[in-house]
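Hi there,

As promised, I am passing the structure on to you, and my notes follow below it. I hope they give you a good start when you open it in your viewer.

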Amino acid sequence: MTDRTHDDIPEAHVRVPRYSGSARVNHWIVAISFILLGLSGLALFHPSLFGLTVLFGGGQNARWLHPWLGIVLVIAFFGLFVRFVSQNLPERTDITWLARLRYALSAGGEDYLPEVGKYNAGQKFVFWSQTLLILVLLGSGLCLWQQGQDYLERTLGIHVSIETMRWAAVIHATAAVLTIIVFVIHVYSAIWVRGTIDAMTSGTVTGGWGWRHHRRWLRRKVREGDVDVEHPKGTSGS
Amino acid sequence: MFPPLPNPDVSAQKPPLFGEQDLVRRSASRVPAPARQLTPVAKLIDVSKCIGCKACQAACLEWNDLREKVGVNRGVLDNPDDLTPDSLTVMRFTEWINPSTDTLEWLIRKDGCMHCAEPGCLEACPAPGAIVQYSNGIVDFIHENCIGCGYCIKGCPFNIPRISRVDNTAYKCTLCSDRIAVGQGPACQKACPTQAIVFGTKDEMKAWADLRKKDLKSRGFDKAGLYDPPGVSGTHVMYVLHHADQPHIYAGLPDNPRISPLVRAWKGAGKYAGLGLIALSVVAGVIHHLVQGPNRVTQHDEEEAERLAGDKP
């Protein structure tokens, strides 16, 4: 072990399972379709980004792929929603957490925050805002997509007027900007809070990560016996 | 006034009268200022002279080599029912009862692209070069650049462009830009038996419309006038209307067409604000990381976790 590793990453003898294999696959389907949607959508949002369409084999391809990627994302995100919704219900401690947001945003400030379960109020905000924004993007997207308009007309008898399309365009673009900002918050948080990305790659986090960031969740996992304790002499997985 | 048009001289191939060097606007991109200004052209459609023969529709299909599929009759004279990717123009028949005289008036408006001086389709288009405007006023769709997104439909104040289900690109009247480029008039104008459709420079057409207005006023149409809506800075297809004070009675011709403020917000300030906010969120992340440094788990945290797990060595 180098000095740096010794300094930066403390030895962890407890690993706690956070995401099952299927949850991780589900998450990465959402992530990949989200990124492709962002790239193809931004290409049509601002002329200076139109060049992004080469990633999809030209403008026509980007245009027809985008809505189908949207359908993939909606279905995959629904899977995540069902998996995680019970852990994302609001609690009283969320208010305290949000009131002390400035401590949550400082590296050593977590001592001043209430112990949180599997998700803190910031993560719950990401969960619910993405749920809401994806629904808005789905509804407005169907109104902008010729096949979506056909579908609405044929199966639901909803005729999409041009004025509705204009509103849909403004709403779709606004929701898209917001969803990308929430995505930036999500990705940045995962980078800033070191050890988080493990949860979506290997599926486990260290006990220390759980103690520091999600103590109530860690206590529950320990109670349930759902932790993986290695003896110090064994080869550590971290 | 309008003797039969002689066929233009086709004996020698001449260079086109205008082309790419005359673009004043190009969708989702910039064009250099053109070296010359072409004389603005216009097509004037005199609704009061139209007999609804649909010769213009047939001429349009014929010149553009298009075929409309057999449709369904809705019990009115409109045929086809609406503009389509193949029918770039359609006569819209309105049976209007004039409340002041209590008589039926046939209002027959030839619908199609108005070739706005400020084209909403072009403003909304995200594909570079799919919609262009020449300095003579013609707004044209360049199909090889069109991606079929349908944003032009949202941008158009007149509900004109249609997306083809065959090649997924948008279609509308070209003002026969290919004919005008070789010194001919639009096909519809050439076919019109009553000279309800005339074509020339925009100034000539305005002068001709003035004469028509005077004539109509002398016949009791007090509100006769020219439809050249200022909301889109004028159009290069204009109407003479016998009731110019109420364009909407002509099958919903907009009284005051303009590019929707929603489209302006979406394609104007919105796109800069949107990208700016996204960039700001990324910058905020970078600054936060520089100021706070990474949020790392400490040895103490790991030891606490081990103690909790009951395995403190």
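Let me begin with a single residue, S233(B), which counts as exposed because it has 12 C-beta neighbours inside 10 Å, and the cut-off for exposed is 12 or fewer. Please keep in mind throughout that this is a predicted model. You will find S233(B) in the loop between β10 and β11 of chain B. Which residues does S233(B) contact, once its neighbours within four places in sequence are left aside? They are A117(B) and E118(B). C116(B) belongs to this part of the picture too: S233(B) and C116(B) are 117 residues apart in sequence, yet their C-alpha atoms are 7.2 Å apart in space.

From that loop it is a short step to the strand β11(B) and its sheet. The sheet is open and has 4 strands, in the order β9-β2-β11-β10 of chain B, with mixed pairing. Its edge strands are β9 (197-201) and β10 of chain B, each of which pairs on one side only. From one strand to the next, the twist averages 25°.

Strand β11, residues 237-241 of chain B, is mostly covered, with 5 of its 5 residues buried. V237(B), Y239(B) and L241(B) point one way from β11(B), while M238(B) and V240(B) point the other way. This fits a general pattern: in a regular strand the side chains alternate between the two faces of the sheet.

The partners of β11(B) are as follows:

- Strand β2 (residues 41-46) of chain B pairs with β11(B) in the parallel sense, over 4 bridges. Here L44(B) stands opposite M238(B).
- Strand β10 (residues 225-227) of chain B runs antiparallel to β11(B), and 3 bridges join them. G225(B) has L241(B) as its bridge partner, and L226(B) has V240(B).

A helix belongs with this sheet as well. Helix α6 (residues 202-218) of chain B lies across β2, β9, β10 and β11 of chain B, and runs at about 135° to β9(B).

Chain B also has an open sheet of 3 strands, in the order β1-β5-β6, and here the pairing is antiparallel. The edge strands are β1 (23-26) and β6 (139-141) of chain B, each pairing on one side only. The twist averages 25° from one strand to the next. Between β1(B) and strand β5 (residues 131-134) of chain B there are 3 bridges, with the two strands running antiparallel. L23(B) stands opposite Y134(B) in β5(B).

Now to the chain as a whole. Chain B has 9 helices and 11 strands. Of its 313 residues, 43% count as buried. A compact globule of 313 residues would have a radius of gyration near 20 Å, whereas chain B has 27 Å. The C-alpha trace of chain B spans about 105 × 55 × 40 Å along its principal axes. The domain assignment divides chain B into domain 1 (20-260) and domain 2 (268-308), and their centres, taken over C-alpha atoms, are 54 Å apart. Among the contacts in chain B with a separation of 6 or more, 63% are between residues 24 or more positions apart.

Next comes the meeting of the two chains. Here 46 residues of chain B are in contact with 47 residues of chain A. On the chain B side, the elements that give two or more residues are α3 (151-155), α7 (261-267), α8 (269-292) and α9 (299-308). The most comes from α8(B), with 11 residues. By class, this side of chain B has 22 nonpolar, 16 polar and 8 charged residues.

I would look at α9(B) in particular. Why is α9(B) described as largely enclosed by the rest of the structure? The reason is that 7 of its 10 residues are buried. Those buried residues are D301(B), E302(B), E303(B), E304(B), A305(B), E306(B) and L308(B). What covers them includes β1 (14-17), β2 (204-206), α10 (207-213) and α11 (215-224) of chain A. Just after α9(B), G310(B) takes a positive phi of about 75°.

Happy viewing, and best wishes!

Notes
Residues numbered from 1 in each chain as written. Chains lettered and ligands numbered in written order. Predicted model: local features only at pLDDT ≥ 70, side-chain atom pairs only at ≥ 80, totals over all residues. Contact = placed C-beta atoms within 7 Å. Nonpolar A, V, L, I, M, F, W, Y, C, P; charged D, E, K, R; others polar. Domains from an automatic or database assignment. Rg over C-alpha atoms; globule rule 2.2 N^0.38 Å. Buried ≥ 20, exposed ≤ 12 C-beta atoms within 10 Å, placed from the backbone. Pairing = 2+ DSSP bridges. Axes fitted to C-alpha atoms, helices over the stretch in contact; angles between N-to-C directions.
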